[in-house]
Amino acid sequence: METNSEKEVLFNPGCESVVDDEERRRLLWLMAEYFRTIGYSDIKARLPGFMPPPVLSGTIEDHRPDFTCRQSDSARTPIILEIVTPGMVDDPTAENRWSLLASAAKLYNAELHFVVPKWSMNGPVDPALKRRLARMELTVNRVWTV
């Protein structure tokens, strides 16, 4: 018998409560620990043992951010964070997801952050990601290389 969360995964890829890709999960753990260490609150992550971020409803597809939290500033500014592996930079299916995350960031006055691995067999990932995001005309607050 399927539960609602299992149905959600079957019909809405990108809404799973836990990231299944090992490389993405490893980067997500690093960021979750970093933000917890510097005192950010309301941390939600698509990791085992964490409350997953809520699913964002889009006009084309729904998606769940990889990570959300609130900064320790006086406004408790939200952060929406997306992990991007080298294979995802040129993935055409990522455009709907990233556009939805950018729209949500504007709607909630949140910062939009992307995280890429520092090293890749094909060279640095962040310049290619930044070019793609610029072509998509998305406003991004920070691209982390870890």
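**Exercise 1.** Which residues are buried in α4? Work out where they sit around the helix.

*Solution.* Keep in mind that this is a predicted model.
- Start with a cut-off: a residue counts as buried when its relative accessible area is under 20%.
- In α4, that picks out L129, R132 and L133.
- They lie on the same side of α4, because they cover an arc of only 100° around the axis.
- That fits a general rule: an α-helix has 3.6 residues a turn, so residues three or four places apart point the same way.
- Now flip to the other side of α4, where you'll find A134 and R135 exposed.
- As for partners, the buried residues of α4 pack against α3, β4 and β5.

**Exercise 2.** Find what covers the buried residues of α3.

*Solution.*
- First get your bearings: α3 runs over residues 94-107 and reaches 20 Å from its first C-alpha to its last.
- Next, spot its buried residues, among them W98, L100 and L101.
- Then look at what lies over them: the cover includes α2, β3, β4 and α4.
- Just past the end of α3, check N109, which has a positive phi of about 50°.

**Exercise 3.** Explore the largest nonpolar core and pick out its best-connected members.

*Solution.*
- This core has 22 residues, and I80, V84, W98, L112, F114 and L129 touch the most other members.
- Two or more residues come from each of α3, β4 and α4, with α3 giving the most, seven.
- Zoom in on F114: leaving aside neighbours within four places in sequence, its contacts include W98, L129 and L133.
- Finally, look for a second, separate core: it has 18 residues, including L28, A32, L47 and I79.

Note on methods
Residues numbered from 1 in each chain as written. Predicted model: local features only at pLDDT ≥ 70, side-chain atom pairs only at ≥ 80, totals over all residues. Heavy atoms only, no water. Helix = DSSP H or I, 4+ residues; strand = E, 2+ residues; numbered from the N terminus. Expected span 1.5 Å × (residues − 1). Buried < 20%, exposed > 50% of the residue type's maximum accessible area, 1.4 Å probe, protein only. Contact = heavy atoms within 4.5 Å. Arc of directions from axis to C-beta. Core = buried A, V, L, I, M, F, W, Y, C linked by side-chain atoms within 4.5 Å.
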